[in-house]
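Q: Please take a close look at one part of this model, the contacts between side chains that join its helices, and walk me through them with the cut-offs behind each term.

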Amino acid sequence: MDQEAFLRERIEKAQAQLQKLRDENRVLRARQIMWGCIEGTIDVCQLGEKDLQDLSSVIDDYLDSLKSRIEYLKKIGDPSSSLPPRVLQDLNVEEDGNIPSMDGSHHQTETNRLATITTTADACAPNITNNP
């Protein structure tokens, strides 16, 4: 092997290694973007086309790995792999929004309580509009 062939081989290996590192960095960046979007620290609307493509690919890979993990856990019979029970729709909430408690008293739902506070606050608030 002469000097020129040796150098060509080394350059090809270095280029292959460089491409591998670029691919790894692109995937790591896409994962950071994915978790940033989940946490609310990154706005998807501000991403470029390449970042969106990488993000889509990473999300697809992540979902595939989750599905594989679920199937594996189901196969080995892991009880934690089953889905959580569905929340019952009927919570025995009365028409007026009160929830009966064990001791017979009634508690207002959070939504109704907040609605009451809002309407009370609105009635007491001064009118600051410029309507005649």
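A: What follows goes through the charged contacts, then the aromatic contact, and then the cysteines.

This is a predicted model, in which local features need pLDDT of at least 70 and side-chain atom pairs count only at pLDDT 80 or more, while totals for chains, interfaces and linings use all residues. Residues are numbered from 1 along each chain as its sequence is written, and side-chain values use heavy atoms, with hydrogens and water left out.

The two helices that matter here are H1, residues 3–39, and H2, residues 49–76; helices are DSSP runs of H or I with at least four residues, strands are runs of E with at least two, and both are numbered from the N terminus. For residues 4–31, an unreviewed UniProt entry lists a "coiled-coil region"; its positions are given in the numbering used here, the feature name is shortened, and such annotations may be inferred rather than shown by experiment. In the model that span is 100% helix and 0% strand, and its end C-alpha atoms lie 41 Å apart.

Side chains of opposite charge can pair when their charged atoms come close. Counting as a salt bridge any side-chain nitrogen of Lys or Arg within 4 Å of a carboxyl oxygen of Asp or Glu, the model has six salt bridges. One of them joins Asp-54 to Arg-26, at 3.2 Å from N to O. Because Asp-54 lies in helix H2 and Arg-26 in helix H1, this pair ties together parts that are 28 residues apart in sequence. Accessibility is described here as buried under 20% relative accessible area, exposed over 50% and partly exposed in between, using a 1.4 Å probe and protein chains only. On that scale Asp-54 is buried at 12%, whereas Arg-26 is partly exposed at 33%.

Another salt bridge is made by Arg-29 and Asp-51, with 3.3 Å from N to O, and this pair also links distant parts of the chain, as Arg-29 is in helix H1 and Asp-51 in helix H2, 22 residues apart. Here Arg-29 is partly exposed, at 43% relative accessibility, while Asp-51 is buried, at 19%.

Asp-54 has a further partner in Lys-50, the closest N and O atoms being 3.8 Å apart. This contact stays within helix H2, where the two residues are four positions apart, about one turn of the helix. Asp-54 and Lys-50 belong, together with Asp-23 and Arg-26, to a network of salt bridges.

The aromatic contact can be read in a similar way. Rings of Phe, Tyr and Trp (its six-membered ring) pair if their centres lie within 6.5 Å, with planes under 30 degrees apart counted as stacked, over 60 as edge-to-face and the rest as tilted; by this rule there is one aromatic pair. It consists of Trp-35 and Tyr-62, which meet edge-to-face, 5.8 Å centre to centre and with 90° between the planes. Since Trp-35 lies in helix H1 and Tyr-62 in helix H2, the pair ties together parts that are 27 residues apart in sequence. Both rings belong to partly exposed residues, Trp-35 at 38% and Tyr-62 at 33%.

Disulfides, meaning pairs of cysteine sulfur atoms within 2.5 Å, number zero in the structure. The sulfur of Cys-37 is 9.4 Å from the closest cysteine sulfur, that of Cys-45, which is too far for a bond. Cys-37 is partly exposed, with a relative accessible area of 23%, and Cys-45 is exposed at 69%.
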